[in-house]
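Biologist: Could you take me through one helix of this model in close detail, and then show me what packs around it? I'd love a connected account.

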Amino acid sequence: MVVLNRIYTKTGDDGTTALGSGERRPKYDLRIEAYGTVDETNAAIGVVRLHTQDAPELHAMLGRIQNDLFDLGADLAVPERDGKAERLRVVASQVERLERDIDALNDKLAPLTSFVLPGGTPAAAHLHVARTICRMAERVIVELAARPGEQVSAAGIQYMNRLSDFLFVASRAANGNGAGDVLWVPGQNR
């Protein structure tokens with residue numbers, strides 16, 4: 001359980017922040033960037049949920065995802081180290097649930113005939129914003145994983161990869177199952 005009695009501690013005034021392990025790192029550290037961008041994804045999904053009250057299935061899926069993203073932030077905030085007790089990690093079953101949700105939404109969608117431009121309903125437009133932030137988070141996490149000495153769970157990387165797919169499919173679902181998609185017309189403005 002997390003207990004937050006004080007919001008400001010002043011310990012970050014020197015430009016560092018503490019990981020969940022207690023280790024301090026500069027606020028520009030790539031690990032901090034990774035879980036910070038996951039947090040941005042979560043906040044964008046929070047905005048989406050303002051527009052999904054009339055779509056209870058999608059609204060519930062997004063709520064589960066927000067919780068998963070906190071799990072991923074916790075996973076990233078406590079680097080895996082040999083000899084240390086395991087902390088909260090994203091696991092394969094979370095990725096698999098996301099895949100089932102993608103399939104459930106995708107089964108109802110009209111086939112695509114072109115790339116989709118971000119837009120349509122407010123929910124769809126915000127889902128596209130969340131998708132692009134998610135892709136940015138994925139790039140940062142993959143870069144972190146490629147650095148010597150930095151461990152990142154494979155399930156965490158897979159989760160973010162699947163999440164961007166989910167957000168795309170969800171945007172189409174929010175656009176009347178694809179009927180309201182705004183399609184790209186190549187060379188339209190030549």
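Modeller: Happy to! The buried residues of H3 (buried being under 20% relative accessible area with a 1.4 Å probe, protein chains only) are Gln-94, Val-95, Arg-97, Leu-98, Asp-101, Ile-102 and Leu-105. They span an arc of only 160° around the axis, taken from the directions from the helix axis to the C-beta atoms, so they sit on the same side of H3. The general background is that an α-helix has 3.6 residues a turn, so residues three or four places apart point the same way.

A word on the source: this is a predicted model, where local features need pLDDT of at least 70 and side-chain atom pairs count only at pLDDT 80 or more, while totals for chains, interfaces and linings use all residues. Residues are numbered from 1 along each chain as its sequence is written, and side-chain values use heavy atoms, leaving out hydrogens and water.

H3 itself runs over residues 92–106, a DSSP run of H or I with at least four residues. Its 15 residues reach 21 Å from first C-alpha to last, close to the 21 Å expected at 1.5 Å times one less than the number of residues.

What covers the buried residues of H3, by contact of heavy atoms within 4.5 Å, includes helix H2 (56–77) and H5. H5 (residues 154–174) also meets H4 (residues 122–146): their axes, lines fitted to C-alpha atoms over the stretch in contact, come within 9 Å and cross at roughly 170° on a scale from 0 to 180 degrees between N-to-C directions. H4 and H5 are therefore roughly antiparallel (over 145 degrees) to each other.

Methods:
Helix = DSSP H or I, 4+ residues; strand = E, 2+ residues; numbered from the N terminus. Parallel < 35°, antiparallel > 145°, perpendicular 65-115°, else oblique. Buried < 20%, exposed > 50% of the residue type's maximum accessible area, 1.4 Å probe, protein only.
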